[in-house]
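Grab a coffee and work through these exercises with the model open. Each one sets a task and then walks through the solution.

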Amino acid sequence: MSRLLRVGSLLALTMALVAAPAANAVEVNPYERGPAPTVASIEASRGYFATAQITVSRSSVSGFGGGTIYYPTDTSQGTFGAMAVVPGYTGTQSSVAWIGPRVASQGFVVFVIDTLSIYDFPPSRGTQLLAALDYLTGQSSVRGRIDSTRLAVAGHSMGGGGSLEAANKRPTLQAAIPLAPWHTTKNWSNVRVPTFIIAGQDDTVASPANHAKPFYDSLTSAPDKAYMELAGASHYFPNSPNTTMAKYMISWSKRFIDNDVRYEQFLCPRPTDSTILRYLDTCPHS
């Protein structure tokens with residue numbers, strides 16, 4: 001009888017070990033949104049999702065200057081990650097407005113904001129990005145569409161410096177994307193948010209050598225980071241539709257806001273587009 005028991009136990013253990021990989025194999029990322037990506041889908045001016053937009057007046061909020069929310073109209077796939085985007089010095093939301101529907105149509109809620117003053121410096125812009133995210137998840141009419149654990153920030157110029165400020169203040173963010181960032185602070189070693197810095201080779205306002213590249217080098221605590229320098233691009237490349245910027249901004253957002261590893265193929269191995277002068281990264285990503 002004891003021998004039969006031993007044989008039975010061994011058989012049960014063997015069956016459990018065989019079954020375990022099969023169970024793991026069917027696990028799916030609950031945050032995947034939309035079909036499997038292709039190069040064409042991330043380069044397209046609009047993604048899989050139809051979008052709508054809501055204007056948020058300056059007078060109806062506090063802590064930032066209002067803005068426009070772009071969001072997917074589909075409610076069948078669950079909640080979406082969200083991103084707040086801030087313009088640069090003297091800029092308004094209109095200067096980076098194209099980012100809103102382009103990123104939202106890939107499966108995100110995107111809030112492109114105005115600042116309290118067009119002359120606000122990066123620390124203030126960072127605080128305003130966080131205030132915008134808090135409004136988005138706590139008071140906005142689309143808050144039910146948002147997963148408040150999957151949030152990100154992006155910004156241009158002093159807004160890019162502001163996105164570093166926001167990431168430094170709120171380590172629970174899933175991603176930060178500074179665009180041609182400007183800041184007098186060069187050391188961001190305390191940032192623990194996956195950060196993707198995009199710079200322009202011919203930027204004479206926030207030159208990569210004095211801003212974007214030192215920022216990237218200082219991100220020693222970020223679990224993942226990347227640096228992309230666009231060939232021949234000026235400081236103002238984020239102010240009009242830019243396919244290279246958009247395709248990798250979308251890929252980074254999908255990979256880190258949604259943990260959607262289907263987009264890893266566009267980031268690792270590093271991109272080699274003819275429009276990219278230099279690309280640095282921490283591949284493979286954690």
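Before we start, a sorting rule: Ala, Val, Leu, Ile, Met, Phe, Trp, Tyr, Cys and Pro count as nonpolar, Asp, Glu, Lys and Arg as charged, and the others, Gly among them, as polar. The model is a predicted one, where local features need pLDDT of at least 70, side-chain atom pairs count only at pLDDT 80 or more, and totals for chains, interfaces and linings use all residues. Residues are numbered from 1 along each chain as its sequence is written, and side-chain values use heavy atoms, with hydrogens and water left out.

**Exercise 1.** Describe the lining of the largest pocket by class.

Step 1: the space in this pocket comes to about 170 Å³.
Step 2: 14 residues line the pocket, and the closest to its centre are Gly88, Tyr89, Ser157, His235 and Tyr236.
Step 3: sort the lining, and you get six nonpolar, eight polar and no charged residues.

**Exercise 2.** Work out how helix α4 sits against helix α5.

Step 1: the axes of α4 (residues 122–138) and α5 (residues 158–169) come within 7 Å and cross at roughly 60°.
Step 2: that makes α4 oblique to α5, and the crossing is right-handed.
Step 3: sort the residues of this contact, and they split into six nonpolar, six polar and three charged.

**Exercise 3.** Find the backbone oddities at serine 157, proline 269 and proline 284.

Step 1: recall that most residues other than glycine have a negative phi, and most peptide bonds are trans.
Step 2: serine 157 is not a glycine, yet its phi is positive, about 60°; look for it in the loop between β5 (146–156) and α5.
Step 3: cysteine 268 and proline 269 are joined by a cis peptide bond with omega about 0°, and proline 269 sits in the loop between α7 (243–257) and β9 (276–281).
Step 4: another cis bond runs from cysteine 283 to proline 284, with omega near -5°; proline 284 lies in the segment after β9.

Methods
Axes are lines fitted to C-alpha atoms, for helices over the stretch in contact, and angles run from 0 to 180 degrees between N-to-C directions. Helices (H or I, at least four residues) and strands (E, at least two) are DSSP runs, numbered from the N terminus. Angles under 35 degrees count as roughly parallel, over 145 as roughly antiparallel, 65 to 115 as roughly perpendicular and the rest as oblique. A crossing is left-handed if the near helix is turned anticlockwise from the far one by less than a right angle, and right-handed if clockwise. On a 1 Å grid over the protein atoms alone, a cavity is a set of points where a 1.4 Å probe fits but cannot get out, and a pocket is an open set with protein on both sides within 12 Å along at least five of seven lines; lining residues have an atom within 4 Å of a point. Grid points are joined across faces, edges and corners, and a volume is the space filled by probe spheres set on the points.
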